[in-house]
Amino acid sequence: MMKKILIVEDDRLQVFVQEKYLQKYGHEVVSVSNSRDAIETMKRLNFDVIVMDVRILGELDGIDRSE
């Protein structure tokens, strides 16, 4: 079953590897590089799974609960 997956990762090599792997199995993948973009993207689109780096660039890290 195809899933819509959001990857939140600031390391472009990690994003590339994860996207290729997930797309190989038929999943739809969207990627962003920071928490703020992740929040905005989640407001616009519905995801089945979110894969998020804990240590990420920007104001919010991958586990911040301020939003």
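Biologist: Let's start with E9: where in the chain is it found?

Modeller: Happy to, with a word first on what we are looking at: this is a predicted model, in which local features need pLDDT of at least 70, side-chain atom pairs count only at pLDDT 80 or more, and totals for chains, interfaces and linings use all residues. Residues are numbered from 1 along each chain as its sequence is written, while side-chain values use heavy atoms and leave out hydrogens and water. Helices (H or I, at least four residues) and strands (E, at least two) are DSSP runs, numbered from the N terminus. On that basis, E9 is found in the loop between β1 (4-8) and α1 (12-24).

Biologist: Which side chain of opposite charge is nearest to E9, and how far away?

Modeller: E9 is buried, where buried means under 20% relative accessible area, exposed over 50% and partly exposed in between (1.4 Å probe, protein chains only). Lys and Arg count as positive and Asp and Glu as negative, with His and the chain ends not counted. A salt bridge needs a side-chain nitrogen of Lys or Arg within 4 Å of a carboxyl oxygen of Asp or Glu. E9 has none, and the nearest side chain of opposite charge is R12, 8.4 Å away.

Biologist: Which backbone nitrogen lies 3.0 Å from a polar atom of the E9 side chain?

Modeller: A polar contact is a pair of N or O atoms within 3.5 Å; within protein, one must be able to donate a hydrogen and the other to accept it, and residues adjacent in sequence count only if both atoms are side-chain atoms. For the side chain of E9, the backbone nitrogen at 3.0 Å is that of D11.

Biologist: Where, then, is the salt bridge of this chain?

Modeller: The count comes to 1 salt bridge. Its closest N and O atoms are 3.5 Å apart, and both partners lie in helix α2 (residues 35-44), 3 residues apart, about one turn of the helix. One partner counts as exposed because its relative accessibility is 60%, and the other counts as partly exposed because its value is 43%. In that order, the pair is K43 and E40.

Biologist: Is H27 buried or exposed, and which backbone nitrogen does its side chain reach?

Modeller: H27 lies in the loop between α1 and β2. With a relative accessible area of 19%, H27 is buried. Contact means heavy atoms within 4.5 Å, and beyond its neighbours within four places in sequence H27 is in contact with residues including M1, M2 and L22. The backbone nitrogen that its side chain reaches, at 3.0 Å, belongs to K3.

Biologist: How far is D61 from K3 in space?

Modeller: D61 lies in the segment after β3 (49-52), and it counts as partly exposed because its relative accessibility is 34%. Not counting residues up to four places away in sequence, D61 touches S35, M52, V54 and I56. D61 and K3 are 58 residues apart in sequence, and their C-alpha distance is 25 Å.

Biologist: Stepping back, what is the radius of gyration of the chain?

Modeller: The chain has 2 helices and 3 strands, running β-α-β-α-β from the N terminus. The globule rule (2.2 Å times the number of residues to the power 0.38, with the radius taken over C-alpha atoms) gives 11 Å for 67 residues. The chain's own value is close to that, so it is as compact as a globular protein of that length, with a radius of gyration of 12 Å.
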